[in-house]
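This report looks at a protein chain and at the links and contacts within it. Please have the sequence and the structure at hand while reading.

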Amino acid sequence: MNKLHYYQALARLVAIMPCFYTGITAADENNLTKQQLTHQAEQFVLNQLDPNNIKTIDVVATPIDARVHVPVCHSDLTFSSTPEALSQSNVMVKAQCSDNNWYIFMVVKATETQPVVVISSTVSPGTLLTSDNIHVINMNKKNLRSSTFADIEDVIGARIKRRVTAGRPVNPNNLCFVCKGDNVTISAGNTSMLVKTSGVALEDGRMGETIQVKNRRSNKKVYARVAGTGEVKISI
């Protein structure tokens, strides 16, 4: 290759390179713009659904199609949605730029969750609940069909009455801190005097519930409040 052809080839290469790098930079900038747009749409939905920041809501926007070019907006983007859309799990949001009259519709999935105590591994009837077989996860509120517990301390020491598979919430109706047939300690008294005796539970009972028990010494049946695992109290 002579010098003329060499310099001509070098000139063509130099001319191509700026275009090549400019294209990559533009794509990167557009991807960043899409990420910012997505984040702002998620924040808009979160602010609409939970303006006082008292709920636990997960918001995830559907990614913008790679073929869509998002123009630069030199003013603040405006977001809008209808009350009907905000009541759905998949919220339709309109993002608009007043500079160039550009707009796009986006979908943001919103899920309100709450902490729920669930079973870690399948348990059979009579299983005592401990920190080894329960844990807390956030669950979609719409998927919950009954009352649940949010703190494992509220259920530790209770026993399961029916078989529960792993991942299922702990149902209050499936628990007994004192179960029918259990030996219990019956406490009776007040702040100045306390008497204890043994008894047997005639009913299942959760914490704070009043159940019927039988005093083993007198064989009398009385009603007492469940105060803990294997413990009931009678107020005098």
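The text below treats the disulfides, then one loop residue, then a patch on the surface.

The model is a predicted one. A search of the whole structure finds two disulfides. Counted along the chain, the bonded cysteines pair in the pattern 1-2, 3-4. The table lists both links.

| Disulfide | S to S | Torsion about the S-S bond | Hand |
|---|---|---|---|
| Cys73 and Cys97 | 2.1 Å | about 90° | right-handed |
| Cys176 and Cys179 | 1.7 Å | 75° | right-handed |

What does the link of Cys73 and Cys97 tie together? Cys73 lies in the loop between strand 1 and strand 2, and Cys97 in strand 3 (residues 90–97), so the disulfide ties together parts that are 24 residues apart in sequence. Cys73 has a relative accessible area of 21%, so it is partly exposed, as the cut-off for buried is under 20%. Cys97 counts as buried because its relative accessibility is 1%. In the other link, Cys176 is buried with a relative accessible area of 1%, and Cys179 is buried with 10%.

Val68 is placed in the loop between strand 1 (56–61) and strand 2 (78–80). With a relative accessible area of 28%, Val68 is partly exposed. Leaving aside residues up to four places away in sequence, Val68 touches Asn30, Lys34 and Ile104. Val68 and Ile104 are 36 residues apart along the chain, and their C-alpha atoms are separated by 9.6 Å.

On the surface, a nonpolar patch is formed by Met92, Tyr103 and Phe105. Together these residues have about 330 Å² of accessible area. Phe105 belongs to strand 4 (residues 102–119).

Notes: Residues numbered from 1 in each chain as written. Predicted model: local features only at pLDDT ≥ 70, side-chain atom pairs only at ≥ 80, totals over all residues. Heavy atoms only, no water. Helix = DSSP H or I, 4+ residues; strand = E, 2+ residues; numbered from the N terminus. Buried < 20%, exposed > 50% of the residue type's maximum accessible area, 1.4 Å probe, protein only. Contact = heavy atoms within 4.5 Å. Patch = residues over 30% accessible without salt bridge, like charges linked within 9 Å, V, L, I, M, F, W, Y side chains within 5 Å. Areas by Shrake-Rupley, 256 points an atom, 1.4 Å probe, with all protein chains shown as cover. Salt bridge = Lys/Arg side-chain N within 4 Å of Asp/Glu carboxyl O. Disulfide = S-S within 2.5 Å.
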